[in-house]
Each structure stands twice: as structure tokens, then as C-alpha cells.
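Biologist: I've got the model open on my screen. Shall we go through it together, surface to strands?

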Amino acid sequence: MFAEISNTRDLTQIYDAVKPNGLKDLYLHRLSDKTMEDTIKVITHDSNVIVTTGVDTEIKLGPLQGIEDFFLRAGLSPGVSDTITYLLACGILILIIWLANRFGVTFLSYIFKRTGFKTKSLWIDHLYKRCFFHRSVRIIPTAIALSFSTVLLTGYDSTLIAATRFILQSVVAVMAINIISAFLDAANDVYDDHVKEKSIKGYIQTAKIILWIIAIIVIISMILNIQPSSIIIGIGTSAAIFSLVFRDIILGFIASLQLSAQDMIRRGDWITMPTREADGEIQEITLTTVKVQNWDNTMTMVPIYSMITESFINWRTMRESSGRRFLRQLHIDISSVRIMDEAKLSELGANAELKPVYVNAVQLLANTNTSNFVTNIGLFRCYVEKYLLNHPKINPKPRLTVRYLPQTDNGMILELYAFSHEKLLIEYERTIADILEHIVAVSVLFDLRMFQQPSGRDIVNINK
């Protein structure tokens, strides 16, 4: 049975309610005087009556207490009424966080729209890019809710109060670390803008790891209700055992954190790692290994910590860029290099296949030539450069150059350096093949010969 007592005059109601039913348990909603228990037992002439309060002795916040009283008068049990008002208190905390967050973000946006980017401050610029101000504003509502939780949750079960406050404290701790991390990233950006030679990114990452370790230790200490120093001592004692038994897992975990923080690899990335004979796309990333499907459909399992200790090539940026580089070298027989006469120049100018590019090549040579004559290799070099610039599948914006490398025993080396719009392997190779076929075929028209080592057939022809 349930009864509400606020003074001794209500005790007669207890007698009328208990005597006919012979109840043993009497639930009191409000017990303002401890002596009422003995008085109730005297009135009912039964010392076995158990007097229990439905809530803690602390009084709830006025509106919440009024709502709970309403539910009790409506016939709900004390447990259900208490649960409903507790959920309502939690809803009020969430509402406080949401309203304060909306107001803070709106106010911050207004401030930056008015004055933020007129200061020309490098620090403000980088702090804004790293979301330092937004994170700082968002921690305030949670801190406000944490301070209000003491008032809102007064009178409820101590376990629920402790759990709610623990969640809010953990959220505040994580948000505080994110704010510090954003500040450290901004400091690193400012440092990089001023100092190009050295980097402090490694120190910044170390500081972040230490902060997260401290936060995790503090949160665990709150859960277990022990001192953080006890956890540190325990970690130090067991570190040697863990380092031996779980060596690969620990190394893999640390490596995965570094790879994730620096965005070094993702699923679907094409990587090349010669030391592990890996050349293909990443299919899976686990705590200890990276699964790479090579282009010959074989699988290579690469230890994830080796991605930190060894070098590898990630082709993702090439795929995301405006073109894929190609680099080819043409060896030209130096004995075929000669000065061109007017007749040969006229013949080349009359060639219908060469004419669209040949005119531009002649103009380029006229602008760059410092001698009084024209060589076939010089005109050919200008032709190749203009041909690449006019090719529809070549992107001239990144870099495009046709140059001579130092002469070797294999003749003069003409190097082609350009970027193809095609980045997928098959289309890329087709484009390069088409370009090389054209250039080699056109070289004959300039009276140039490609150099190659004598073969067995060449030696036989000499003997004949």
C-alpha cells in the first residue's frame, strides 16, 4: 500500500487504510519525521509493519517533485513515477546542451562573420580551419549540463546520479582533448608556415597520444573508483608481460593509429612495396596485417607495423590528381644528326601528316635556336614537344618537357616527360604506345635513326 504523510494529523488515515487489510508493508512517499515509524506501528497495533520510503530522503527539484506527486495521485507506483521524472530530468539536461550549443555556434558564426577574418591573423586562420573555436563552444553546453545535473538529479538513486555524471564527465574530458588536439594541430600549421626545414609533427602526435592515455586512465579510474596512480603502477607492472605475449598486436595497434592519423592508407588504395613483393590494391586492413591483392591476382599479407618502418608507394594521390606521369627515353644514333637544307625543310613542310604540328615546331625552334642553321634533331625535338602539347590525352598543365640527357655510349638520349589524362593501366599504356609509335615513325622523316645494340643478324650481315 502507498500513503503520503506530511504531518502527524495524517496518521489516522494510515490506521483506516491498514487495519482492514492487515498489510505488512507500508510505503511512504514523504517521511518528514523519523518518529512517525514508531507512531504508525503503535496506531496499527502491529510491530511487524515495515515502513519504507519510496524515494531518497533528499527532496527533488520543485517542479520534478510536483510532477512525481501528480503521477502518484494518479495511481502510479513510486518506482514508475520516479523513473518517469528521472527520464524527464535527463531530457532537460539534453535540452540544455542542445540550446546552449545552438546559441554558441550561432554566436560564433556571427562573430567570425563580423570580425573573425578581418584581423589577418595567421593563428586565427589556422585555429578556425582546425575547428578549435567550434569545439571550444561545444564543450560549454556539456559543462553547463554537468553543473546543473547536481540540482536536477537530487533525490534520485545515487547509482543513477553517479552514472549520469560519469557520462557527462567523460564527454567533457573527450571534448577537452579534442580542443587541445585542434590547438596543437594549429600550432603545427603555424610552425610549418614559418619554418620549412624542420617538422614538429612527430612531437605533436606524441603529445596527442600522451593526452589520450591520460584521459583513458582517468576514465578507467572513475569507473573502478580507484586512484589513477594505482592504474599506472599496474600498467607498468604488466607492460613487460604484455610486450612479450602481445608484441604483434601492440605494434599493429600503434601502427594503425599512426596510419589512420596521417591518412597513409585506405581500402582500395594501390600501393607498391618492393620489400614485401606487394604491388596491387588494398583489400583489407586489420589490427596486425594489410591484405594486398596484386595485379597477378595473388595475395600478399603485409604486417601493418612494416608500413611504418619500411617505405612504400601509395598511388592514391596520382589517381586523385589531374594526370599520370609517363617518362620515356629515346636513344638516337648520333651519326644520323645533321644540318638540314632548304630542300629538306620544304619537303617536311609539304607533308600533309606533319603540317598541323610542323608549323608550330618551326616557330618554337625559331624562338629558341641560337645558331644560324637548323639541325634535324633540334627540329625533331621541337616537333615532339608540340605534338605532346597538342595531343588530346596529354595534360600539359602539371609539367611537360622534352630534353636531352647526358650522352652515353648508346647515342643521344631524348627524354619525354609529360602527364596523361588516362590513369587506369590499360588506357594509360595504350596512350603511351600510340605516342611512341608516332614519334618513332616520324623520326625517319627527319632522317634520324633510333640507336640499338647490334644483334646477331647484324653481325652475320657484316661478315657477308
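Biologist: How much area does the protein chain expose, and what percentage of it do carbon and sulfur atoms supply?

Modeller: Before the numbers: this is a predicted model, where local features need pLDDT of at least 70, side-chain atom pairs count only at pLDDT 80 or more, and totals for chains, interfaces and linings use all residues. Residues are numbered from 1 along each chain as its sequence is written, and side-chain values use heavy atoms, with hydrogens and water left out. Accessible areas come from the Shrake-Rupley method with a 1.4 Å probe, and for residues only the protein chains shown count as cover. The protein chain exposes about 28,100 Å², and the carbon and sulfur share is 61%.

Biologist: Which helix gives the largest share of the nonpolar patch?

Modeller: Patches take residues with over 30% relative accessible area and no salt bridge, joining like charges within 9 Å and nonpolar side chains (Val, Leu, Ile, Met, Phe, Trp, Tyr) within 5 Å; a salt bridge is a side-chain nitrogen of Lys or Arg within 4 Å of a carboxyl oxygen of Asp or Glu. This one covers about 940 Å², with Ile241, Phe253 and Leu287 among its members. Both α9 (228-245) and α10 (247-261) supply at least two residues, helices being DSSP runs of H or I with at least four residues, strands runs of E with at least two, numbered from the N terminus. The largest share, 5 residues, belongs to α10.

Biologist: And Phe246, is that one buried or exposed, or partly exposed?

Modeller: Phe246 sits in the loop between α9 and α10 and belongs to the patch too. Buried means under 20% relative accessible area, exposed over 50%, partly exposed in between (1.4 Å probe, protein chains only). Because its relative accessible area is 35%, Phe246 counts as partly exposed.

Biologist: On to the strands: which residue in β6 is the bridge partner of Ile282?

Modeller: Strands pair if DSSP finds at least two bridges between them. β5 (residues 278-285) and β6 run antiparallel over 5 bridges, with a hairpin of 3 residues joining them. On the covered face of β6 (residues 289-294) you'll find Val290, Val292 and Asn294. The partner of Ile282 is Val292.

Biologist: What about the other neighbour, which residue in β7 is the bridge partner of Lys291?

Modeller: Lys291 is on the uncovered face of β6, along with Thr289 and Gln293. β6 pairs with β7 (residues 299-303), again antiparallel, over 5 bridges. Their hairpin has 4 residues in between, and Asn297 in the turn has a positive phi of about 70°. In β7, the partner of Lys291 is Met301.
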